[in-house]
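Trainee: Please take one part of this model and go through it closely. I would like the packing of its nonpolar interior described.

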Amino acid sequence: MIYLIGGPPRVGKSTLAWMLLDREGLPGCPTDVLVSMLQRAAPEHGVRHGTHPDKAVPAQPFLIEFVRAAAQALDDSDPQDGYVVEGDIVTPAAATAAADLGLPLTSVFLGNTKLTPEHLRAAPDWLEGADDTTYREIAAWVRDQSTALREVCAASGHVYVELGNGHAQGLERAYSTLVERA
């Protein structure tokens, strides 16, 4: 089973992935690795890091191929075999496209419509050296992205978990959703 975890930056995707890695013993990969490789090796495709709104669009074909390769490497005789893929380029559209290929996957999308600049400051390395205005702008952008993601998930039937009403409880809900649907 491929476990896909998507959502905007700083909402808890990596934390949820680590929960699966620790509790279920699954290997995994953050999509930041894929983005970094594409940005350096094939810049003509326009896949790059950042908070630009169309970031996932040029990355989608590469993400789907990565998910396909991970699925092919699964041991069909082992029902516990799986692989975790998390990142902000994992979108409902990508999950739908991968599922349409018949790939064995389950997905969950995380958001935080109540993210504050103070939450972002908890991970100062992410916006190292940023001023207060940048923290406010990025927090607002993540809130807006979370709202849009929630709406897309509702329209497309994908699971969205809001983490702004209790981060730890939301992560546990998302974890349970992934494991139960596997």
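Mentor: What follows deals with the nonpolar core and one helix beside it.

This is a predicted model, in which local features need pLDDT of at least 70, side-chain atom pairs count only at pLDDT 80 or more, and totals for chains, interfaces and linings use all residues. Residues are numbered from 1 along each chain as its sequence is written, and side-chain values use heavy atoms, with hydrogens and water left out.

The largest nonpolar core has 27 residues. Such a core is a set of buried Ala, Val, Leu, Ile, Met, Phe, Trp, Tyr and Cys residues joined through side-chain atoms within 4.5 Å; buried means under 20% relative accessible area, exposed over 50% and partly exposed in between (1.4 Å probe, protein chains only). Among the residues with the most contacts inside this core are Ile 2, Leu 63 and Val 85. Elements that each supply at least two of its residues include strand 1 (2-6), helix 2 (31-41), helix 3 (56-72) and strand 3 (83-87). Helices (H or I, at least four residues) and strands (E, at least two) are DSSP runs, numbered from the N terminus. Helix 3 gives the most to this core, six residues.

In helix 2, the buried residues are Thr 31, Leu 34, Val 35 and Leu 38. They lie on the same side of helix 2 because they cover an arc of only 100° around the axis, the arc being that of the directions from the helix axis to the C-beta atoms. Their cover includes strand 2 (28-30), helix 3 and strand 3, where contact means heavy atoms within 4.5 Å. Exposed Arg 40 and Ala 41 sit on the face of helix 2 turned away from its buried side.
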